[in-house]
Amino acid sequence: MNDEQLSKCLAQLGNITRLRIFKLLVKVGHDGMPVGIVQEKLNIPASTLSHHLTKLMSVNLVVQRRDGRTLFCTANYDILNEVTSLLKDQCCIGFK
């Protein structure tokens, strides 16, 4: 992941609603959560949730899968790990 991609991920998480969605999905784990349950848990209108999920998916922080008629959202842990690793790897290396 380059700095531009990192910046885009952090920008999407800089919105309080998107951050709340992402934190919920991270807590849920690898099985994800149906969109309707995300909407209920966070008390977000469907159109607003859709907008924010689209933003998170545009930087690959969230992925969706369909199981029958149910649409599940899952945090992309690979991207989460990349984002956090890139930030942590810069810790205390000094300025050159």
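**View A. Packing of helix 5 in the predicted model.** Here we look at how helix 5 meets its neighbours: its buried residues pack against helix 1 (3–13), helix 2 (16–28) and strand 3 (70–75). The residues in question are Tyr77, Ile79 and Val83. Seen down the axis of helix 5, these buried residues fall within an arc of 165 degrees, so they line one face of the helix.

**View B. The other side of helix 5, with its exposed residues.** Turn to the face directed away from the buried side, and you will find Asp78 and Lys88, both exposed. The helix itself covers residues 77–88, 12 residues in total. From first C-alpha to last, helix 5 reaches 16 Å, close to the 16 Å expected at 1.5 Å a residue.

**View C. The N-terminal cap of helix 5.** Zooming in on the start of the helix, we meet Asn76, which caps this end. A side-chain oxygen of Asn76 lies 3.2 Å from the backbone nitrogen of Asp78. Asp78 also appears in View B, as one of the exposed residues on the face turned away from the buried side.

**View D. Gly29 and its surroundings.** Gly29 sits in the loop that links helix 2 to strand 1 (33–34). With a relative accessible area of 15%, Gly29 counts as buried because that value is under 20%. Setting aside neighbours within four places in sequence, Gly29 is in contact with Thr74 and Tyr77. Tyr77 is familiar from View A, where it is one of the buried residues of helix 5. For a sense of distance, Gly29 and Phe72 are 43 residues apart in sequence and 12 Å apart in space, C-alpha to C-alpha.

Technical notes:
Residues are numbered from 1 along each chain as its sequence is written. This is a predicted model: local features need pLDDT of at least 70, side-chain atom pairs count only at pLDDT 80 or more; totals for chains, interfaces and linings use all residues. Side-chain values use heavy atoms; hydrogens and water are left out. Helices (H or I, at least four residues) and strands (E, at least two) are DSSP runs, numbered from the N terminus. The expected span of a helix is 1.5 Å times one less than its number of residues. Buried means under 20% relative accessible area, exposed over 50%, partly exposed in between (1.4 Å probe, protein chains only). The arc is that of the directions from the helix axis to the C-beta atoms. Contact means heavy atoms within 4.5 Å. A polar contact is a pair of N or O atoms within 3.5 Å; within protein, one must be able to donate a hydrogen and the other to accept it, and residues adjacent in sequence count only if both atoms are side-chain atoms.
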